Amino acid sequence: MYIRWGRWRQAAAIFEEVIQKYDARQNGYNDAIAEQAFYYLGRSQMASRDYEAARASLERLERILDRDATPSGFKVLGYLRLGMVHDALQNRSRAEAYYRQVLKLEDWSGAHDRAEGYLKNPYRG
């Protein structure tokens, strides 16, 4: 709900709590729940321009997703966001690698168009 209203700070607090419970291996806090928490926490950190924190959150998402070969929207959009974060951190070669990963996967929510756009013109934050 907070995300819909653009209240990223409040949303981040909830996602951080979910991640703590996931890390503590509490019942019901599985990889599927953690995927969402890491993705949206990364987006929240990007919204506040904390790109290093966003990179760390999205890389944790990537580690979870890499254990499962099943394509998902979080994988595609996570790679897109990692590309954006690396562009913001002035690491263009890593950003381009992530954008190319997006293009190898099924398109979700226009991710292919955005990745192609960022390959031509880097994300600027």
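## Pro 71 and its surroundings

Let's start at a single residue: Pro 71 sits in the loop that joins helix 3 (51-66) to helix 4 (73-88). This is a predicted model, and the values here are computed from it.

Is Pro 71 buried, exposed or partly exposed? With a relative accessibility of 46%, Pro 71 counts as partly exposed, because that class covers values between the 20% limit for buried and the 50% limit for exposed. Pro 71 also has a partner from elsewhere in the sequence: its C-alpha atom is 7.2 Å from that of Leu 105, although 34 residues separate the two along the chain.

## The overall fold

Stepping back, the protein contains 6 helices and 0 strands. Followed along the sequence, the pattern reads α-α-α-α-α-α.

What about the dimensions? The C-alpha trace spans about 45 × 30 × 25 Å along the principal axes of the protein. The radius of gyration is 14 Å, which agrees with the value near 14 Å for a compact globule of 125 residues.

## Packing and contacts

Of the 125 residues, 41% count as buried. Among contacts with a separation of 6 or more, 52% come from residues 24 or more positions apart.

## Surface and charge

Turning to the outside, the accessible surface of the protein is about 7,300 Å², and carbon and sulfur atoms account for 45% of that surface.

How far apart are the mean positions of the positive and negative charges? The protein has 20 positive and 17 negative charges, and their mean positions lie 4 Å apart.

Notes:
Residues numbered from 1 in each chain as written. Predicted model: local features only at pLDDT ≥ 70, side-chain atom pairs only at ≥ 80, totals over all residues. Heavy atoms only, no water. Helix = DSSP H or I, 4+ residues; strand = E, 2+ residues; numbered from the N terminus. Rg over C-alpha atoms; globule rule 2.2 N^0.38 Å. Buried < 20%, exposed > 50% of the residue type's maximum accessible area, 1.4 Å probe, protein only. Contact = heavy atoms within 4.5 Å. Areas by Shrake-Rupley, 256 points an atom, 1.4 Å probe, with all protein chains shown as cover. Lys, Arg positive; Asp, Glu negative; His and termini not counted. Charge placed at Lys NZ, Arg CZ, Asp CG, Glu CD.
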